[in-house]
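Reader: Before we discuss the packing and the open spaces of this model, could you show me the structure and then let me ask how each label was earned?

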Amino acid sequence: MPASKSIRAVFPGTFDPITNGHLDIIKRATNLADELIIAVGHNPEKAALFTADERVAMIRELTVGMPGVRVETYQGLTGEFVQQVKADIIIRGIRDNVDLHYELQQANINLTIANVETVFLLTSDQFALTSSTYIKQIVELGYNDLDRLSRIVPVDVARRLRDKLRKPK
């Protein structure tokens with residue numbers, strides 16, 4: 001009987017900020033891969049609130065103790081990063097049909113340019129409507145109930161959002 005193959009996966013994103021939905025995908029992806037690289041990238045179409053270093057620090061704090069998980073930053077094409085780290089698959093979360101349309105295009109591009117397959121994980125129901133963009137907008141508009149925010153982002157992330165977006169009175 002042949003030995004089982006070790007699988008290295010990349011979960012790319014901007015994670016600005018990381019949400020409970022992202023953490024759900026990370027936890028579930030660790031059941032599919034022996035090693036999971038959370039790849040913090042730069043999206044030129046979005047202005048990031050947190051620096052790459054801040055996002056990496058948040059993710060590392062939240063994933064400490066998860067075996068086989070590491071966090072790295074990258075610039076450029078996801079497919080090239082996947083080749084660089086010799087990963088076997090890309091993991092992506094799907095919230096709805098809009099995500100699916102976009103992610104199918106990205107998966108086909110990554111298959112074409114990097115010869116890497118993408119595995120889609122459907123977002124758990126309670127996180128299907130979670131969006132980092134909307135979360136930032138909510139906090140920027142003054143909402144700061146940490147108990148309620150912790151339903152969609154980890155409480156330490158909610159605090160950092162509040163501190164970063166707090167407007168002087």
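Reader: What is Ile26 in contact with, leaving aside its neighbours within four places in sequence?

Author: In this predicted model, and with those neighbours left aside, Ile26 is in contact with Phe11, Ile18, Leu36, Ile38, Thr63 and Met66. Ile26 is also, together with Leu36, Ile38, Ile91 and Leu161, among the residues that touch the most other members of the largest nonpolar core, which has 31 residues. Apart from that core lies another of eleven residues, including Val10, Phe81, Ala114 and Val116.

Reader: Why does Phe11 count as buried?

Author: Its relative accessibility is 3%, and buried means under 20%, so Phe11 counts as buried. Phe15 is likewise at 3% and therefore counts as buried by that cut-off.

Reader: What makes the aromatic pair of Phe11 and Phe15 edge-to-face?

Author: The ring centres lie 5.3 Å apart with 75 degrees between the planes; since a pair needs centres within 6.5 Å and edge-to-face needs planes over 60 degrees apart, both conditions are met.

Reader: Why is the aromatic pair of Tyr74 and Phe81 called stacked?

Author: Tyr74 and Phe81 are 4.8 Å centre to centre, with 25 degrees between the planes, and planes under 30 degrees apart count as stacked, so the label follows. Tyr74, at 10% relative accessibility, counts as buried because the limit is 20%, and Phe81 counts as buried at 3%.

Note on methods. Residues numbered from 1 in each chain as written. Predicted model: local features only at pLDDT ≥ 70, side-chain atom pairs only at ≥ 80, totals over all residues. Heavy atoms only, no water. Core = buried A, V, L, I, M, F, W, Y, C linked by side-chain atoms within 4.5 Å. Buried < 20%, exposed > 50% of the residue type's maximum accessible area, 1.4 Å probe, protein only. Contact = heavy atoms within 4.5 Å. Phe/Tyr/Trp six-rings, centres within 6.5 Å; stacked < 30°, edge-to-face > 60°.
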